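Trainee: I'm new to this structure and would rather know one part well than skim everything. Please pick a single part and show me slowly how it sits among its surroundings.

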Amino acid sequence: MPELPEVEVTMRGVRPFLEKQRIKSVYFDEYKLREPFDPRLKTLEGATIDEVSRRGKYIIVHSTQGSIIVHLGMTGNFKVCNADAPAQKHDHFALTLESGKMVRMNDSRRFGLVRYVQPGDDPLMDKHLRDLGPEPLTPAFNGTYLHQRLQRIKRGEIKPALMNSKVVVGVGNIYASESLFSAKIHPQSIACALSLAQCEELCAVIKATLKRSIAEGGTTIRDFEGADGKPGYFVQELQVYGKDGQPCPRCGHTIEKIVQGQRSTYFCPHCQQRATC
């Protein structure tokens, strides 16, 4: 599933082609994604796109006649092409612009989301966005905040806590494993047992890891492609994710794999310290 860096890369890729452009037509097919397409999406035809932004793993297209909230799901991508480019299998949604360009959403497994927000309503107050935690790349996400927030998670483990969008948005499975490795924190550490110093270090490495991934175009394990069709190259910098059975790049011990919250976790049992109450 695309995580924050992949969504940020996608948003940056489509933004220059969308902002200040007029929507010529809106296309959506008869298939249902996570939710059915709202027929009111057609009211965006003729609208001018004011801004394209991101909140967590959601891309928001703001226009003069309402907004669109897009989630890429597990296999979705948002790509720019010429308006006359042949349609591809699993193209479920498209915005054709008067510039002659088109932005298409392709989603083979149909777990994505395209949601209409009517004019005058704040998309950030939509049910999918209003309860999200702070953005990890902003000053609001810092050691003091994280330490205080983790105190409210009794007996929960740190890796699932980092993947909880109410704690912090966008730190998905790959980046939680990688960041905990960089901070030398065992993924099964009890979240509320982390010290303030550990939380400060963890916030710093999360920010650094996400920024490096964005600079490399995100991480492509299987499906992800940016708006230009290119894969993400951060996969070449992964230290532990997907490397169970291989030697730890820091101490040489064998990297292990466990399952937490139905997601695979990769870590070094030797140099990642477990914090307990």
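Mentor: Here's a walk around helix α4 and the pieces that surround it.

A bit of housekeeping first: residues are numbered from 1 along each chain as its sequence is written, and side-chain values use heavy atoms, leaving out hydrogens and water. The model is predicted: local features need pLDDT of at least 70 and side-chain atom pairs pLDDT 80 or more, while totals for chains, interfaces and linings use all residues.

Our helix, α4, spans residues 173-182 (helices are DSSP runs of H or I with at least four residues, strands are runs of E with at least two, both numbered from the N terminus). Is α4 enclosed or open? Nine of its 10 residues are buried, so the rest of the structure largely encloses α4 (buried means under 20% relative accessible area, exposed over 50%, partly exposed in between, with a 1.4 Å probe and protein chains only). The buried ones are N173, I174, Y175, A176, S177, E178, S179, L180 and F181. Just past the helix comes K184, with a positive phi near 60 degrees.

What does the covering? The cover over α4's buried residues includes α1, α3, α5 and β10, and we can visit several of those in turn.

Start at the front of the helix, with E3. This residue is in the segment before α1 and counts as buried at 3% relative accessibility. Setting aside residues up to four places away in sequence, E3 touches K57, G170, G172, N173, I174 and Y175 (contact means heavy atoms within 4.5 Å). N173, I174 and Y175 are on the list of buried α4 residues you just met. UniProt, in an unreviewed entry, lists P2, E3, K57 and R263 under "active site"; its positions are given in the numbering used here, feature names are shortened, and annotations may be inferred rather than shown by experiment. P2 is also in the segment before α1, and is buried too, with a relative accessible area of 6%.

From there, α1 (residues 4-18) lies across β5, β6 and β7, at about 35 degrees to β5 (axes are lines fitted to C-alpha atoms, for helices over the stretch in contact, and angles between N-to-C directions run from 0 to 180 degrees). α1 also lies across β2 and β3, running at about 175 degrees to β2. The strands under α1 come from two open sheets. One has the order β1-β6-β7-β5 and the other β2-β3-β4-β8, with antiparallel pairing in each (two strands pair if DSSP finds at least two bridges between them). In the β1-β6-β7-β5 sheet, β1 and β5 are the edge strands, pairing on one side only. In the β2-β3-β4-β8 sheet, β2 and β8 have a single partner strand each, so one side of each has no neighbour in the sheet.

Now go round to α5, another part of the cover. Here we meet the largest nonpolar core, 34 residues in all (a nonpolar core is a set of buried Ala, Val, Leu, Ile, Met, Phe, Trp, Tyr and Cys residues joined through side-chain atoms within 4.5 Å). α2, α3, α4 and α5 are the elements giving two or more residues to this core, and α5 gives the most, with six. L202 is one of the members that touch the most others. Beyond its neighbours up to four places away, L202 touches L146, I158, L162, S179, L180, A183, I185 and L194. S179 and L180 are among the buried residues of α4. Apart from this core lies another one of 26 residues, including I23, V26, L72 and V80.

Last stop: β10, also in the cover. Five bridges join β10 to β9 (residues 256-260), and the two run antiparallel. V259 stands opposite S264 in β10. Two residues separate these strands in their hairpin, where G261 takes a positive phi near 55 degrees. F267 is found in β10 and is buried, with a relative accessible area of 3%. Leaving aside neighbours within four places in sequence, F267 is in contact with H186, P187, V240, I255, E256, I258 and Q272. F267 and I255 are 12 residues apart along the chain, and their C-alpha atoms are separated by 5.6 Å.
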